[in-house]
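Dear colleague,

I am handing over the structure to you with this email. Please open it and keep it beside you while you read the notes below.

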Amino acid sequence: MELIQTKADLFTYMKSEGFGEKLIGLVPTMGALHKGHLSLIETAAGLCERVMVTIFVNPTQFNDPNDLRNYPRNLEKDLELLAAQGMTDIVFAPGEKEIYPEPDTRVFDFGQLDKVMEGAHRPGHFNGVAQVVSRLFDITRPNMAFFGQKDFQQLAVIRELVRKMKYPIEIITCPIIREDDGLAMSSRNQLLNPEERKHAAQISKTLFRARELAASMDPEKLCDWAVKELNSDPLIQVEYFQIVDSQTLLPADSWDSPCKKQACVAVKLGKIRLIDNINFD
Ligand code: AMP
């Protein structure tokens, strides 16, 4: 496994190792790696000849400077985890100037995909995601790129980015990896104190219970129920709970419509913001 921190070194290494002729899989991350990230890498290793993991905490996707400041960073531990798994060929961990030699002023238009849910609560977030992902695609030129269903809306935005920019890259969706109590794994979970961590299981419990209750309530009532249920926990404050068409991300108003439906939730648990989602089909 090779740790590379500059574009120049990356290009030299890829050329010397004949990456141009290999099937390359890219797994973009912001580090503070956990089993969710490792599952993406495992899938990539199963489908590609070479796996490249990027570790870069992208400042342009943070709308809250405190969130950016407090985001967990531990490159040494990340490298240990990746080495122990033994499936990564290159770890590309660039500094900010490598990715943004000048400020990125591009503004992307993803229609409603980046306006609802996360887009509504984190203005500019998906524009920053599109900026960094397109730069990483341009630098690493993978054949496939692997993303987690955990960031459901991000996947929709990235698929649209690939379509619009005509990237010859196959986007592979990987399922959500959860802790034993159901909490979706996330780098931010390590910011929770022990008491908050106990309460965090309520998020996925409510999603799973909502799916069971779907037969007895229309989507709007079910969302109201879920918001009340989550807000009844003294440590949780709901930002949104929505059941949406998984393609358009617009609210589903009845179970009868033919689209696949996804329940998506964002909460604040103390100061930490967590998201999760499940498929309703
Ligand atoms: P992040 O480092 O949070 O930007 O995440 C990097 C990639 O890992 C994204 O594609 C995420 O969707 C994915 N990911 C994060 N958490 C999980 C999880 N619990 N299960 C599966 N994929 C995940």
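What follows describes a pair of strands, the nonpolar cores and the surroundings of the ligand.

Please bear in mind that this is a predicted model. A good place to start is strand β5 (residues 144-148), which runs parallel to strand β6 (residues 170-174) and is joined to it by five bridges. Between these two strands the chain passes through helix α8 (residues 152-165), and the resulting β-α-β crossover is right-handed. Within the pair, Ala 145 of β5 stands opposite Ile 171 in β6.

Ile 171 leads on to the largest nonpolar core, which has 44 residues and in which Phe 137 and Ile 171 are those with the most contacts. Helix α7 (125-140) is one of the elements that give two or more residues to this core, as are β5 and α8, and the largest share, eight residues, comes from α7. Leaving aside residues up to four places away in sequence, Ile 171 touches Phe 137, Ala 145, Phe 147, Leu 155, Ile 158, Arg 159 and Val 162. Another core, of 26 residues, lies apart from the largest one, and among its members are Ile 203, Ala 210, Ala 226 and Ile 272.

The ligand is surrounded by 16 residues, of which the closest are His 37, Gly 148, Asp 151, Ile 177 and Met 185. A polar side-chain atom of Asp 151 lies 2.6 Å from an oxygen atom of the ligand, while for Gly 148 a polar backbone atom is 2.9 Å from a ligand oxygen atom. Met 30 likewise has a backbone N or O atom 2.9 Å from an oxygen atom of the ligand.

With best wishes

Methods
Residues are numbered from 1 along each chain as its sequence is written. This is a predicted model: local features need pLDDT of at least 70, side-chain atom pairs count only at pLDDT 80 or more; totals for chains, interfaces and linings use all residues. Side-chain values use heavy atoms; hydrogens and water are left out. Two strands pair if DSSP finds at least two bridges between them. Helices (H or I, at least four residues) and strands (E, at least two) are DSSP runs, numbered from the N terminus. A crossover is right-handed if, with the strands pointing away from the viewer, the path from the first strand over the helix to the second runs clockwise. A nonpolar core is a set of buried Ala, Val, Leu, Ile, Met, Phe, Trp, Tyr and Cys residues joined through side-chain atoms within 4.5 Å. Buried means under 20% relative accessible area, exposed over 50%, partly exposed in between (1.4 Å probe, protein chains only). Contact means heavy atoms within 4.5 Å. A residue is near a molecule or strand if one of its heavy atoms lies within 4 Å of it. A polar contact is a pair of N or O atoms within 3.5 Å; within protein, one must be able to donate a hydrogen and the other to accept it, and residues adjacent in sequence count only if both atoms are side-chain atoms.
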